[in-house]
Amino acid sequence: MPKRHARTAFRLLIGASTLAFAGQALAQETGAPQQTGQQTTGLNEIVVTAQKRSENLQDVPIAISAIGADKLEQLRVQDSRDISGLAPNVTIVQGTTSNSAAVFSMRGISNGGSESFGVDAANGLYVDGVYIARSGAMGLDVMDIQRVEVLRGPQGTLFGRNTTGGAIHFISRQPSETFRLKAEAGYGNFDAWNGKIILDPGEIAGIATSFSYSHSQRDGVIDNILQPKNSKDPGARNSDALRAAARMELGGTGSIQYIFDWTRIDGSPQAFQLTNVADGTYNPPVDVNGQSVVVVQQAPVAQYLAAATFADPECAALAEPRRKYRSKVCNNVLGTATDKTWGHNLQVQNDFGAFKVKSTTGYRFWHSYALADLDGIGQITGPAYTGGSLFNGMPASLLQYIPSIPAAARPFIAAARVPTTTQDLFSSENTRRHKQLSEEIEVSGDTDTLDWVVGGFYFWEKGSEDGYQNSGYVLDTNSIFLSNFGALGPAFVAANPAQYRLVTTIARLAYTAQSESKALYGQFTFYPGGRDSGIRLTAGGRYTWDEKKMIRFQNGAAPLATPETGDAKFSKFTWNLMAGYDVAHGINLYARAATGYRSGGFNSQDPVITGTTLLPHFEPETVTSYEVGVKTELFNRHLRLNLAAYHNIYKNLAVNIPRTDAPIGTYATRIGNAGKVIYSGFEIETQAILTENFSVDGNLGYVDIKYKEFLAGQSTTSGADPINIASIVTPGYTSPLTANAAFNAQFPLNWGNAAIKARIGYTHEDGKYSFTSVTSTPFNEAIKGSDRDLIDAQLGIEQLPLGGGEASLRLWVKNLTNAKDLYRGIDFGQLGYAGGYYADPRTYGLTFSVSY
């Protein structure tokens with residue numbers, strides 16, 4: 001462990017011991033302290049369904065965090081990205097151009113930055129048992145959620161493929177059989193408004209229903225000086241969501257439940273801010289274990305910007321590259337993003353006595369459009385490169401040595417000016433469409449000595465992407481003269497009227513992708529000597545069959561004469577072995593060995609196999625995980641302390657790497673199976689009741705990542721095999737150290753059930769790299785994310801009697817210290833510049849709600 005991390009971890013551990021720091025089961029209705037009048041009796045039991053059955057969290061032999069409805073509401077969790085840092089070793093970074101994209105990282109295993117339909121996530125997201133397939137839709141809005149379960153470590157048996165790091169499951173509230181009404185309204189800075197209403201009419205004709213609607217909006221958080229409307233500035237957001245659910249009991253032993261949800265988010269993408277530009281200096285190869293590895297060459301952007309004219313003079317100052325938060329940007333492309341998601345969920349279950357059957361059917365859609373400015377400096381005017389104007393402005397005395405130029409044309413070419421162009425460095429436009437169908441059947445049962453579940457799973461999806469890049473590549477034309485004109489080269493260089501010229505490139509990527517997955521699974525838990533023996537032994541397995549297809553219609557400036565295609569099949573058996581032992585009352589030891597599998601696929605930007613129109617595919621990833629832990633409830637259930645340590649061996653890691661051989665003037669990535677990685681770490685979660693009025697909770701996670709093999713280096717020797725650059729690789733989108741701590745207070749008022757409740761919380765996430773090495777992204781170190789130290793606070797009067805119901809009033813603030821943190825970077829490789837995105841500044845507001 002690096003010294004800096006060791007010191008930080010030590011301080012946090014001392015703090016945990018001193019405060020009896022509390023676990024992230026943080027809870028909820030089921031995890032809050034029990035109250036009898038003014039007497040606190042202890043922490044409540046936390047019930048989870050991580051193993052397809054209701055169980056006490058403390059009895060489940062895997063690392064789980066559970067966050068309940070009360071805590072989600074108190075923390076203003078509005079979408080899946082808001083739970084970042086609330087569980088150890090779990091961080092979530094928002095997307096770049098989309099309102100709904102998210103990059104999940106769990107125990108160091110990241111989904112990666114690619115939003116391509118050919119690349120699956122490494123961490124699974126589920127809503128009411130339905131898998132959300134695309135990372136571009138994983139930042140989904142959530143509403144009327146009963147709890148969130150965060151399962152860390154591979155979940156390949158019960159949750160299936162693409163859960164090599166873990167799984168996050170949002171579980172919504174069931175419709176109430178009695179009348180229920182809740183309404184909420186709030187206002188905050190940046191002219192933020194929000195409102196929500198939830199209505200359960202009660203059971204009618206045997207059917208209980210629930211209807212929810214929410215609206216939220218806010219202005220942008222950074223001023224685009226080229227956009228007069230604050231509501232159109234970067235970070236602006238306007239969201240509407242609705243949900244309807246109906247549930248009917250079947251004969252007292254079963255039920256059928258249907259849920260429909262719909263969300264539309266309109267907004268302006270977060271502002272890209274320029275941090276670094278290259279000057280064209282040659283990047284020499286790097287030596288890796290005695291082997292010479294190519295480093296991408298960067299365009300001389302600094303010189304071009306220095307001589308360019310800005311369409312808006314005020315933008316010139318903003319074009320100065322620096323790693324410092326700017327409250328203003330120049331986005332001449334007025335970015336906009338619209339994401340619409342909707343879906344159907346049907347659950348049918350019945351208890352037949354000897355066994356139970358449950359069917360979960362999901363059918364979901366996601367449509368996305370995004371237009372983004374990816375330089376933040378406005379339009380610039382400068383020399384343009386075209387093949388026909390290379391010699392413009394050259395003296396006729398030199399032009400006479402060019403045989404292809406007729407003598408009569410030389411005076412006109414010598415007098416002609418170098419053409420100019422006015423445009424951005426980079427902008428993008430993208431349209432995505434996606435639909436998916438899933439079906440899962442579970443059959444489970446139990447006896448005095450055995451719990452068991454077997455099931456089958458089917459999944460189908462189809463998606464399309466149509467994206468455009470408009471980029472400017474700065475070309476040093478002196479290199480053309482020196483490399484092609486022999487002894488005349490220096491003379492042409494000396495006479496060159498415009499050394500640096502911009503090559504305008506408009507590229508399009510258009511393709512469709514389709515996948516199908518089938519699986520059979522089973523898991524069995526045996527209780528030797530009966531359920532009271534204190535020993536639990538579990539074994540499970542799953543076999544998965546996957547097929548991926550892709551058809552590409554364009555990958556560059558011109559449509560393809562013949563579409564390029566790919567078709568690949570993968571299969572894998574994954575297994576799970578667990579043991580739990582109750583050492584004493586309230587103390588449970590467990591050990592676990594498990595495997596996980598992330599499906600292979602296609603990278604939409606990879607070149608075809610030489611001499612064919614076939615797209616190459618990358619292979620599946622596999623992980624073998626070993627975990628030991630202890631779960632405790634001590635001091636008459638006033639302290640809950642859970643510890644876990646793990647060691648993961650990852651093979652065939654698929655990595656998204658910017659291409660060093662991409663066509664000039666374009667930015668592209670490739671997917672490669674880099675090799676072997678070892679992830680080792682530990683986690684602490686605690687929750688403690690200090691007095692009748694005060695409690696604390698928190699977590700701490702650390703992961704150490706060692707790359708053993710990373711075959712992604714391009715040798716300086718033509719035709720040589722890829723070089724292992726593991727020794728210089730940095731893990732992407734991962735915080736080695738995460739921590740969260742909160743101090744909670746509640747003071748009953750002499751007015752019904754009313755109470756004053758307060759919370760102040762602290763979250764730490766180590767800075768994250770966005771790329772893997774300097775060979776393809778020379779600015780990788782410079783754009784590493786900031787270490788994040790965030791303080792949030794809430795203060796409210798809750799459960800005030802109001803006309804037969806109850807009212808609550810809450811004050812809240814996020815990022816209390818107004819930290820200006822760079823959280824994600826982009827290095828455009830050979831294009832010669834880099835930048836990134838800064839997190840939201842301090843936000844605060846007031847929320848009022850009533851319920852009946």
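Biologist: Which residue takes a positive phi in the hairpin of E14 and E15?

Modeller: That is Gly202, with a positive phi near 95 degrees, in a hairpin that has 6 residues between the strands. Keep in mind that we are looking at a predicted model.

Biologist: How do you know that strand E14 and strand E15 pair?

Modeller: Pairing needs at least two bridges. E14 (residues 192-200) and E15 (residues 207-218) are joined by 7 bridges and run antiparallel, so they count as paired. To see one bridge for yourself, start at Asn194 and find its partner Ser216 in E15.

Biologist: Which strand do 12 bridges join to E15?

Modeller: Strand E17, residues 237-250, and these two strands run antiparallel. One bridge here has Ile207 with Met248 of E17 as its partner.

Biologist: What makes E7 and E8 a pair, with 2 bridges?

Modeller: The cut-off is at least two bridges, so a count of 2 is enough. The strands pair in the antiparallel sense, and Ser105 has Ser110 in E8 as its bridge partner. E7 and E8 form a hairpin with 2 residues between them, and Arg107 in the turn has a positive phi of about 55 degrees. E7 is also joined to strand E6 (residues 90-94) by 5 bridges, again antiparallel; there, Gln94 is partnered by Ala102.

Biologist: Is E7 covered on one face or on both faces?

Modeller: On both. Ala102, Phe104 and Met106 are buried on one side, and Val103 and Ser105 are buried on the other. That matches the count for the strand, where 5 of its 5 residues are buried.

Biologist: Why is the link of Cys315 and Cys330 called a disulfide?

Modeller: The sulfur atoms must lie within 2.5 Å. Theirs are 2.0 Å apart, so the pair qualifies. A search of the whole structure finds 1 disulfide. The pair links distant parts of the chain, 15 residues apart: Cys315 is in helix H4, and Cys330 is in the loop between strands E23 and E24.

Biologist: What makes the disulfide of Cys315 and Cys330 left-handed?

Modeller: The torsion about its S-S bond is about -90 degrees, so the disulfide is left-handed.

Biologist: Does Cys315 count as buried or exposed, and does Cys330 count as buried or exposed?

Modeller: Buried means under 20% relative accessible area. Cys315 has 2%, so it is buried, and Cys330 has 0%, so it is buried too.

Biologist: How many aromatic pairs are there?

Modeller: The count comes to 28 aromatic pairs.

Biologist: Why is the pair of Phe117 and Tyr511 edge-to-face?

Modeller: Ring centres must lie within 6.5 Å to pair, and planes over 60 degrees apart count as edge-to-face. Here the centres are 6.4 Å apart and the planes are at 65 degrees, so both conditions hold. Phe117 and Tyr511 are 394 residues apart along the chain, and both are buried.

Biologist: What makes the pair of Tyr131 and Phe459 edge-to-face?

Modeller: Their centres are 5.8 Å apart and their planes at 70 degrees, so the pair passes in the same way. Tyr131 lies in strand E10 and Phe459 in strand E29, so the pair ties together parts 328 residues apart in sequence. Both Tyr131 and Phe459 are buried.

Biologist: How do you know that Arg76 lies over the face of Trp812?

Modeller: The distance to the ring centre has to be within 6 Å, and the direction within 35 degrees of the ring normal. Arg76 is at 4.2 Å from the ring centre and lies over the face of Trp812. Similarly, the charged end of Lys52 sits over the ring of Phe159, 5.0 Å from its centre.

Notes:
Residues numbered from 1 in each chain as written. Predicted model: local features only at pLDDT ≥ 70, side-chain atom pairs only at ≥ 80, totals over all residues. Heavy atoms only, no water. Helix = DSSP H or I, 4+ residues; strand = E, 2+ residues; numbered from the N terminus. Buried < 20%, exposed > 50% of the residue type's maximum accessible area, 1.4 Å probe, protein only. Phe/Tyr/Trp six-rings, centres within 6.5 Å; stacked < 30°, edge-to-face > 60°.
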